[in-house]
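Grab your viewer and let's work through a couple of exercises on sheet topology and helix packing. Try each task before you read its solution.

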Amino acid sequence: MSKPRSQVWMYFEKKKNQTAMCKICGKTLQTSGNTSNLMGHIKKLHLHKLPIENNLKSPNNQEKATSSFTRNISLGLIDTENNVDDPESLSEETLNTLSSDVSLSTSTPSVSRNSSLNIAEKFTKQPTLEWSLKKMSSFSSGGQKHTRITEAIVYFICKDNQPLSVVEDIGFIKLMKEVAPLFNVPTRNTIKARIQQRYDVVSLSFKNVLKEVDDITITMDIWSEMMTTKSFLGATVHFIHSSKLCSAALGIFELSQSHTANYVYHELMNLLNLWDIPKSKILAIVTDNDATMLKAIGENFGKNKHLRCFAHSINLVAEATIKKVDGLQNLISQVRNIVKFIKRSVKCSDELRKLQENNGDDLKKLILDVITRWNSVYYMCERFLELKEVINQILLNHLNAPPMLNAQEIENIKEMVDILKILEKVTKEISGEKYATMSLVIPIISCIKDNLNAMSPTFKIGMELKNALTAEVKRRFEFIEQNFLLAVSTLLDPRFKNIHFKDAVALSKHLIFIQNSMNSMENSTADMDFSNDSSDSVSDPSKLDLWGYHKQLAQKSQKKYIDKSNQGSQQHLGSEITMYLSTPVSKLNTHPLMCWEELKPMYPSLYKLATKYLSGVCTSVPSERLFSCASNTISKTRNRLSGKLASKLIFLNKLDDKFWLVE
């Protein structure tokens, strides 16, 4: 046989009767005097993992092709650690098996080049029987690859809210056969057992994490599931771990009795006992303004440990303000009727899309408000203003359409949207759960008042709305600086300190508490009982800066270290807190916990208090998000889930990967 000239012969071995065997997969192919079949085989099955040159027929030596392979390995284009066709990583033992009959070159001075060259030669060698059997066994039950794929399926079901029966669906089975032909897809009962095992392991690990934490904030709420007509108590937990604010869902727990204060407290204690959380570790419990919640938490944990949801307070402020303005509700009703008319008509909806396409605009839909959410009114009116020209064209073509708003009414809607945008921005700002929000409340209220004062609406409805909103914010948050949890967390936030405080008496009281706590770290917040209130709102019409007022105060603090108006409240304080308050505040975009890691050597006692009070959130939004997750978990395709299994699935779904993926 003559010496092969085509580069494709690197991957084939010539046989008798014009045949050749693939060195990669062992398949025998007809050559018929040319290499067309061989090139087609390589391109179809192996091109994605072998560095074949563009012109396979061009004469080339093996060293050039091998150097290309080596170059791809060095660039990471070929994964030699986890071959997708391999059940396991290419361990040293496996590579030795593959290269048992290969003579390795030692003439090249570069060690790294020799290593890559050897790997290239091993890939061109036919797998041994021992290696093939090992590959097959890893996909059998108990094998390494089988275990990893099964755990990935469990993760997929929990994180994506998939039904357990997905493993029996035709499409999923087809997918798995294409991805891993040797893998036998487990049954739903096997997956259910694996979920239980994963929950047992992860929950035990998470309990150990909670034992290391000194202060915990809990948010809780009650939710009624309409499909199964059951009610559930949902709870989330928030704490600082490794200098980062962490959050997790403790689960949802089915309620079987009337929701009295005693029953809610009893179920909450069962929840805390389940996760081994003692009452002494509870920094705060955040709930909505429901009377049952107020009584259950206030009587059993103390008013100083109960925090009313800031977002709910914003909702109450907005609703009360809209009701007080004459003519505003009628104006909103007109917008609502127009939106309903277009959304209920297929013809009008088609016209809405076509007109936007003709204008070259991005396609947008009209938004209909929801009674229980004030910000849905804001979003409805905002979208109406964006599409008002298109809407006007549609209404003119339909005799039974509601009347379009006139120019005066549209201007009133614009001013309403500009004013309410303040509350919408605040809601987004304080609804996070991955960063500290308890320290934001007092500064945000201060900024809300400043933004409202800067507004100058020109029409009657706008002026009345501004005045009503200003009065409602003052009424609801007039004594917010007396709130113990909010005030202390704000003082210990390096971004704010004491620059937003107006009540000198309340400020002095909180500073004395901080000083006493520094003198004796054993004192708990239960030793003091302050009035509790919640807070709300903030702003930012397009020309307004939500934090503009804070930036002005921060600049003043840089020019003058100690505010003379607060010297009286600081004269009996220790050197550590006096020095801390005397320095300028940090930048607004600074992470407070990271900042305290830098300040720890200077203020060791304050550092301990800061990591305690900056671990809290100021809204019950996380628990409400939990119920959004629950509605996706207990769905039509999963309506037979028991309450306990649903709670475990939600816990795994909401848990951060650093706690979820346990070795």
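Two exercises follow, both on a predicted model.

**Exercise 1: the sheet**

Task: Work out the strand order of the open sheet of five strands, and find which are the edge strands.

Solution:
1. Walk across the sheet and you get β6-β5-β4-β7-β8, and the pairing is mixed.
2. Now look for strands that pair on one side only: these are β6 (244–255) and β8 (306–308), the edge strands.
3. Check the twist next: ignoring direction, neighbouring strands of this sheet are turned by 25 degrees against each other on average.
4. Zoom in on β4 (residues 216–225) and β7 (residues 282–287), which pair in the parallel sense over four bridges.
5. For a concrete handle, take T217: its bridge partner in β7 is A284.

**Exercise 2: the helix pair**

Task: Classify how helix α14 (residues 374–386) packs against helix α16 (residues 407–430), and say what the contact is made of.

Solution:
1. Start with the geometry: the angle between α14 and α16 is about 135 degrees, and their axes are 9 Å apart.
2. Angles over 145 degrees would count as roughly antiparallel, so α14 is oblique to α16.
3. As for handedness, α14 and α16 cross in the left-handed sense.
4. List the contact residues: α14 brings W374, Y378, Y379, C381, E382 and L385, while those from α16 include I410, I413, M416, V417, L420 and T427.
5. Sort the whole α14–α16 contact by type and you find 11 nonpolar residues, one polar and five charged.

Technical notes: Residues numbered from 1 in each chain as written. Predicted model: local features only at pLDDT ≥ 70, side-chain atom pairs only at ≥ 80, totals over all residues. Heavy atoms only, no water. Pairing = 2+ DSSP bridges. Helix = DSSP H or I, 4+ residues; strand = E, 2+ residues; numbered from the N terminus. Axes fitted to C-alpha atoms, helices over the stretch in contact; angles between N-to-C directions. Parallel < 35°, antiparallel > 145°, perpendicular 65-115°, else oblique. Left-handed = near helix turned anticlockwise from the far one by under 90°. Contact = heavy atoms within 4.5 Å. Nonpolar A, V, L, I, M, F, W, Y, C, P; charged D, E, K, R; others polar.
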